[in-house]
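Biologist: Please take a close look at the second largest pocket and tell me which classes of residue make up its lining.

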Amino acid sequence: MSERPSPQISSRKQPKQARSTELVAAVLEAAVQVLATQGASRFTMARVAERAGVSVGSVYQYFPNKAAILFRLQSDEWRQTSDMLREILEDQLKPPFERLHTLVRAFIQSECDEAQMRVALNDAAPLYRDAPEAREARMSVQQSIDAFMLQVLPAASSQARSLAGDLIITTLSMVGKQFSAAPRSTGEIEDYARAMADMFCAYIESLRQRPLAIAQ
């Protein structure tokens with residue numbers, strides 16, 4: 001499998017001047033609005049150009065098709081989410097379990113916010129799933145999770161910490177996508193995130209008390 005996304009979902013070129021940067025920013029903002037108001041089935045280059053107030057030709061200068069625009073939005077979301085989760089986990093001013101609760105709430109909210117985008121990119125999913133942006137985001141979160149586990153389970157074996165981290169990341173990812181498949185209210189998100197975070201905290205606490213989890 002190629003290490004890079006297909007050319008069909010890669011940007012044609014990167015803006016180098018302020019005016020070009022502003023144009024691309026306007027296109028991406030318009031794309032978010034079109035996706036939110038029209039949905040994936042009615043998302044087109046023409047509608048994005050109209051909402052941005054530019055010609056379709058201007059949009060094509062930077063994006064070869066609508067999949068490329070959506071992929072750029074997804075890539076930006078990956079970076080924003082990974083940065084947000086890393087900041088939460090590395091906030092030493094808050095107790096570890098409070099950070100974990102904040103992490104779960106933020107992640108579930110992010111999954112719900114980007115659910116429409118995932119639907120729109122569904123056909124291209126095999127191409128963007130292993131894109132460099134996705135690997136970079138996963139690596140950033142993994143490193144933060146590893147450091148967090150070392151802090152909350154300092155006496156546990158490296159294998160126990162690694163397993164705990166993998167379980168939390170995998171559960172968040174899989175359950176978050178399933179939960180966000182349907183529209184959710186703020187109350188539903190709060191309740192679900194709290195319950196999942198409580199489950200994670202209980203699991204970590206059990207590792208603290210489990211002899212087999214402690215390095216000999």
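Modeller: By class, seven nonpolar, three polar and four charged residues form the lining of the second largest pocket, where Ala, Val, Leu, Ile, Met, Phe, Trp, Tyr, Cys and Pro count as nonpolar, Asp, Glu, Lys and Arg as charged, and the others, Gly among them, as polar. This is a predicted model, in which local features need pLDDT (the predictor's confidence in each residue, from 0 to 100) of at least 70 and side-chain atom pairs count only at pLDDT 80 or more, while totals for chains, interfaces and linings use all residues. Residues are numbered from 1 along each chain as its sequence is written, and side-chain values use heavy atoms, with hydrogens and water left out.

Of the 14 lining residues, Val32, Leu73, Glu77, Asp113 and Met117 lie nearest the centre of the pocket; a pocket here is an open set of points on a 1 Å grid over the protein atoms alone, where a 1.4 Å probe fits, with protein on both sides within 12 Å along at least five of seven lines, and lining residues have an atom within 4 Å of a point. The space in this pocket is about 290 Å³, a volume being the space filled by probe spheres set on the points, which are joined across faces, edges and corners.

At least two lining residues come from each of α1 (18-38), α4 (66-89), α5 (96-113) and α6 (115-120), in a protein with 10 helices and zero strands, where helices (H or I, at least four residues) and strands (E, at least two) are DSSP runs numbered from the N terminus. As for confidence, the mean pLDDT of the protein is 85, and 86% of its residues reach 70 or more.
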